[in-house]
Amino acid sequence: MEEFMLPCLNKQLFGVDCLGCGAQRALVLVFQGEFSAAFKMFPAIYTILILLLFLLTNLFLKFKGDFYVKVALILLNALIIIGAYFYKMSFLIN
């Protein structure tokens, strides 16, 4: 399956992981049922899937306050992605 994945240009050009490194592999791991391995690979995988599910549902079902739910999920994802990135980079430096 890995032969069909897109390469990370940031890692190829600069040798450093990007914020999204591991997302493709984590998604494949989720589909394979390897849930804890997916979380270890890319911690934001589940909140991103929740966000995508909410956005898809929100196309058909509108409700009051949906904008705030979208913003909250986006901010939560951003915090998890940035936090996980710095956590991963701190182990690479040490």
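How far apart are the mean positions of the positive and negative charges of the protein chain? The mean positions of its 7 positive and 5 negative charges are 11 Å apart. The structure is a predicted model. Its protein chain holds five helices and zero strands, and buried residues make up 24% of its 94 residues.

**Overall build**

- Read along the sequence, the protein chain has the pattern α-α-α-α-α.
- The C-alpha trace of the protein chain spans about 45 × 30 × 25 Å along its principal axes.
- About 7200 Å² of the protein chain is exposed, and carbon and sulfur atoms supply 74% of that area.
- Taking the contacts between residues at least 6 apart in sequence, 30% join residues at least 24 apart.

**Helix 2 and its partners**

- Helix 2 covers residues 23-31 and helix 4 covers residues 45-60. The two pack with their axes 10 Å apart, at an angle of about 80 degrees. Helix 2 is therefore roughly perpendicular to helix 4, because angles of 65 to 115 degrees count as roughly perpendicular.
- On the helix 2 side of this pairing are Ala23, Ala26, Leu27 and Val30, which meet Ile45, Tyr46 and Leu49 in helix 4.
- Ala26, Val28, Leu29 and Val30 are buried in helix 2.
- The buried residues of helix 2 pack against two elements, helix 3 (35-41) and helix 4.
- Just after helix 2 comes Gly33, with a positive phi of about 85 degrees.

**Met5, before helix 1**

- Met5 sits in the segment before helix 1 (9-14).
- Is Met5 buried or exposed? Its relative accessibility is 17%, so Met5 counts as buried, the cut-off for buried being under 20%.
- Which residues does Met5 touch, once its neighbours within four places in sequence are left aside? Met5 is in contact with Gln24, Arg25 and Val28.
- Met5 and one of these residues, Val28, are 23 residues apart in sequence, and their C-alpha atoms are 9.9 Å apart in space. Val28 is also one of the buried residues of helix 2.

**Phe60, in helix 4**

- Phe60 belongs to helix 4.
- With a relative accessibility of 67%, Phe60 counts as exposed, because the cut-off for exposed is over 50%.
- Phe60 and Val30 are 30 residues apart along the chain, with their C-alpha atoms separated by 26 Å. Val30 is among the helix 2 residues that meet helix 4, and Val30 is buried.

**Leu76 and Ile82, in helix 5**

- Helix 5 runs over residues 66-93 and includes Ile82. Leu76 is found in helix 5 as well.
- Leu76 has a relative accessible area of 38%, so Leu76 is partly exposed. Ile82, at 40%, is partly exposed too. Both readings follow because a value between the cut-offs of 20% and 50% counts as partly exposed.
- Where does Leu76 stand with respect to Leu29? The two are 47 residues apart in sequence and 22 Å apart in space, C-alpha to C-alpha. Leu29 is one of the buried residues of helix 2.
- Ile82 and Ala44 are 38 residues apart along the chain, and 9.6 Å separates their C-alpha atoms.

Definitions and conventions. Residues numbered from 1 in each chain as written. Predicted model: local features only at pLDDT ≥ 70, side-chain atom pairs only at ≥ 80, totals over all residues. Heavy atoms only, no water. Helix = DSSP H or I, 4+ residues; strand = E, 2+ residues; numbered from the N terminus. Buried < 20%, exposed > 50% of the residue type's maximum accessible area, 1.4 Å probe, protein only. Contact = heavy atoms within 4.5 Å. Areas by Shrake-Rupley, 256 points an atom, 1.4 Å probe, with all protein chains shown as cover. Lys, Arg positive; Asp, Glu negative; His and termini not counted. Charge placed at Lys NZ, Arg CZ, Asp CG, Glu CD. Axes fitted to C-alpha atoms, helices over the stretch in contact; angles between N-to-C directions. Parallel < 35°, antiparallel > 145°, perpendicular 65-115°, else oblique.
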